[in-house]
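Student: Could you take one part of this model and go through it closely, residue by residue where that helps? I would then like to see the metal site treated with the same care.

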Amino acid sequence: MKLLYITAFLLVSRVASADVCQLKISATDQMRFEQQTLQVDSQCTEVEVTLHNSGKLPANIMGHNWVLTKTGDVASVANAGMGAGLANNYQKPGDKRIVASTPIIGGGESSTVRFPITQLQAGTSYTYFCSAPGHFSIMKGRFVYNGASANAVAKNEAK
Ligand code: ZN
């Protein structure tokens, strides 16, 4: 009976200490992400991404955000976001293709987004990018979950 109790306690404490995998990424006035790849694994129950804009320019001049989609959706989501304008953080309102995103932030600011790992599908290729107009062609990187295809971004660039 005592053993059963301990086992139950261990199960509960395991759930309670569920892993929030914290990732950090910086964006610069040179229109670059300093990290080309972010990686999470199936031990994460939630993913927390903090974007820091290490530049000095304001959001309306050189603002950046962090938007995560399937690799194949990057261009269409970025183009839809361009029309949405800065007031919508260059994201089309209600765009279901966006897995997770931060608002546009200016120099010196940070923003954090947290989402459950269940938002991601194993074996799918994901890419993060900045949806400010004209940025996504160079401001993007590979978001690796459970060894999703490592070549997807490169293939996309070759198009
Ligand atoms: Zn940007």
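Tutor: A good place to begin is Glu 46, whose bridge partner in β6 is Pro 116. This is a predicted model, in which local features need pLDDT of at least 70 and side-chain atom pairs count only at pLDDT 80 or more, while totals for chains, interfaces and linings use all residues. Residues are numbered from 1 along each chain as its sequence is written, and side-chain values use heavy atoms, with hydrogens and water left out.

The bridge at Glu 46 belongs to a ladder in which β3, residues 46-53, runs antiparallel to β6 over 7 bridges; strands are DSSP runs of E, at least two residues long, and two of them pair if DSSP finds at least two bridges between them. Within this ladder, Val 49 stands opposite Val 113 of β6. The two strands are part of an open sheet of 3 strands with mixed pairing, arranged in the order β1-β3-β6. Its edges are formed by β1 (20-27) and β6 (110-116), each of which pairs on one side only.

The side chains of β6 alternate between two faces: Ser 111, Val 113 and Phe 115 point to one of them and are buried, whereas Ser 110, Thr 112, Arg 114 and Pro 116 point to the other and are not. Buried here means under 20% relative accessible area. Val 113, the residue opposite Val 49, is therefore on the buried face of the strand.

Turning to the metal, the zinc ion has four protein donors, His 64 (ND1), Cys 130 (SG), His 135 (ND1) and Met 139 (SD), at 2.0 to 2.5 Å from it; a donor is an N, O or S atom within 2.8 Å of the metal. Because the 4 donor atoms subtend angles of 89 to 125° around the zinc ion, the arrangement is tetrahedral, a term that requires all angles of four donors to lie between 85 and 135 degrees. Along the chain, these donors follow the spacing H-x65-C-x4-H-x3-M. His 64 and Cys 130 link distant parts of the chain, since they are 66 residues apart: His 64 sits in the loop between α2 (59-62) and β4 (67-70), and Cys 130 in the loop between β7 (126-129) and β8 (140-145).

His 64 counts as buried because its relative accessibility is 0%, and Cys 130 is likewise buried, with a relative accessible area of 0%. On the strand that follows the loop of His 64, β4, lies Thr 69, which counts as buried at 0% relative accessibility.

Key. Donors are N, O and S atoms within 2.8 Å of the metal (3.2 Å for Na, K and Ca); water is not among the atoms, so sites may look incomplete. Four donors count as tetrahedral if all angles lie between 85 and 135 degrees; four count as square planar and six as octahedral if opposite donors are over 155 degrees apart and all others between 65 and 115; anything else is irregular. Helices (H or I, at least four residues) and strands (E, at least two) are DSSP runs, numbered from the N terminus. Buried means under 20% relative accessible area, exposed over 50%, partly exposed in between (1.4 Å probe, protein chains only).
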